[in-house]
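The following note sets out a colleague's reading of the structure, point by point. Kindly consider each remark alongside the coordinates.

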Amino acid sequence: KQFALSEHTNERQKTGLSPLANKPAFLAIYAGFAVVLNVIRPARFALSVVLSPYFERLRGALRRRFGVSARTAAALVVLFVNLIGTCTLMACGVGLASALAGVPVWAR
């Protein structure tokens with residue numbers, strides 16, 4: 001993830017060159033992402049601990065409702081939360097960025 005973000009925010013966008021063509025800038029961006037991700041790691045872990053009972057309830061509800069095994073219910077929870085949750089968050093992020101930038105999502 002960090003390499004892709006660093007590459008995206010570095011020289012390739014401006015010059016079309018490899019990000020390693022300007023190593024100091026690339027490494028600074030990469031290090032910045034590494035620091036940010038390490039700083040928020042405890043918050044991400046705490047969030048996962050807080051959310052785990054809700055995922056367990058959802059898994060139990062799917063198991064009872066559809067009469068599937070615990071393994072299948074867990075797979076359904078992961079599929080739905082990852083697929084639908086990620087798409088929803090991305091759509092909200094794009095919509096927010098579009099609104100803040102004043103650029104429409106769908107050009108006419």
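**Notes on the predicted model**

1. Helix 4 is a suitable starting point. Its 32 residues, at 1.5 Å a residue, should span 46 Å, and the 45 Å between its end C-alpha atoms agrees with that expectation. The expected figure is 46 Å because the span is taken as 1.5 Å times one less than the number of residues. The helix covers residues 70–101. Just after helix 4, Gly-102 adopts a positive phi of about 75 degrees.

2. The model is predicted, and its confidence should be kept in view. The mean pLDDT of the protein is 83, and 80% of the residues score at least 70. Confidence is highest in helix 3, with a mean of 91, and lowest in helix 1 (residues 2–9), with a mean of 56. Where pLDDT is low, the predicted coordinates should not be read in detail. This caution applies to helix 1, given its mean of 56.

3. As to the overall fold, the protein contains four helices and zero strands. Along the sequence this gives the pattern α-α-α-α. Of the 108 residues in the protein, 13% are buried. Among contacts with a separation of 6 or more, 22% join residues 24 or more positions apart. The protein exposes about 8600 Å², of which carbon and sulfur atoms supply 70%.

4. Which residues of helix 4 are buried? They are Ala-73, Val-77 and Ser-98. Helix 3 is included in what covers the buried residues of this helix. Arg-59, a residue of helix 3, is in contact with Ala-70, Ala-73, Ala-74 and Val-77, leaving aside its neighbours within four places in sequence. Two of the buried residues named above, Ala-73 and Val-77, are therefore partners of Arg-59 under the contact criterion of heavy atoms within 4.5 Å.

5. Ser-98 also lies in helix 4. Its relative accessibility is 14%, so Ser-98 counts as buried. Apart from neighbours within four places in sequence, Ser-98 is in contact with Val-103, Pro-104 and Val-105.

6. A search of the whole structure returns one salt bridge. This salt bridge joins Glu-56 and Arg-59, whose closest N and O atoms are 2.4 Å apart. Both residues belong to helix 3, and because they are three residues apart there, about one helical turn separates them. An α-helix has 3.6 residues a turn, so residues three or four places apart point the same way.

7. Are the two partners of the salt bridge buried or exposed? Glu-56 is partly exposed, its relative accessible area being 42%. Arg-59 has a relative accessibility of 19% and so counts as buried, since the cut-off for that class is under 20%. Arg-59 thus combines its salt bridge to Glu-56 with the contacts to Ala-70, Ala-73, Ala-74 and Val-77.

8. The surface also carries a nonpolar patch of about 600 Å². Its members are Leu-47, Val-50, Leu-51, Tyr-54, Phe-55, Leu-58 and Val-81. Helix 3 contributes the largest share of this patch, six residues. One of the patch residues, Val-50, lies in helix 3. Val-50 counts as exposed because its relative accessibility is 51%, the cut-off being over 50%.

9. To conclude, helix 3 recurs in several of these points. This helix, residues 23–66, has the highest confidence in the protein. Helix 3 holds both partners of the salt bridge and supplies six residues of the nonpolar patch. Helix 3 is also part of what covers the buried residues of helix 4.

Note on methods:
Residues are numbered from 1 along each chain as its sequence is written. This is a predicted model: local features need pLDDT of at least 70, side-chain atom pairs count only at pLDDT 80 or more; totals for chains, interfaces and linings use all residues. Side-chain values use heavy atoms; hydrogens and water are left out. pLDDT is the predictor's confidence in each residue, from 0 to 100. Patches are made of residues with over 30% relative accessible area and no salt bridge: like charges are joined within 9 Å, nonpolar side chains (Val, Leu, Ile, Met, Phe, Trp, Tyr) within 5 Å. Accessible areas come from the Shrake-Rupley method with a 1.4 Å probe; for residues, only the protein chains shown count as cover. A salt bridge is a side-chain nitrogen of Lys or Arg within 4 Å of a carboxyl oxygen of Asp or Glu. Buried means under 20% relative accessible area, exposed over 50%, partly exposed in between (1.4 Å probe, protein chains only).
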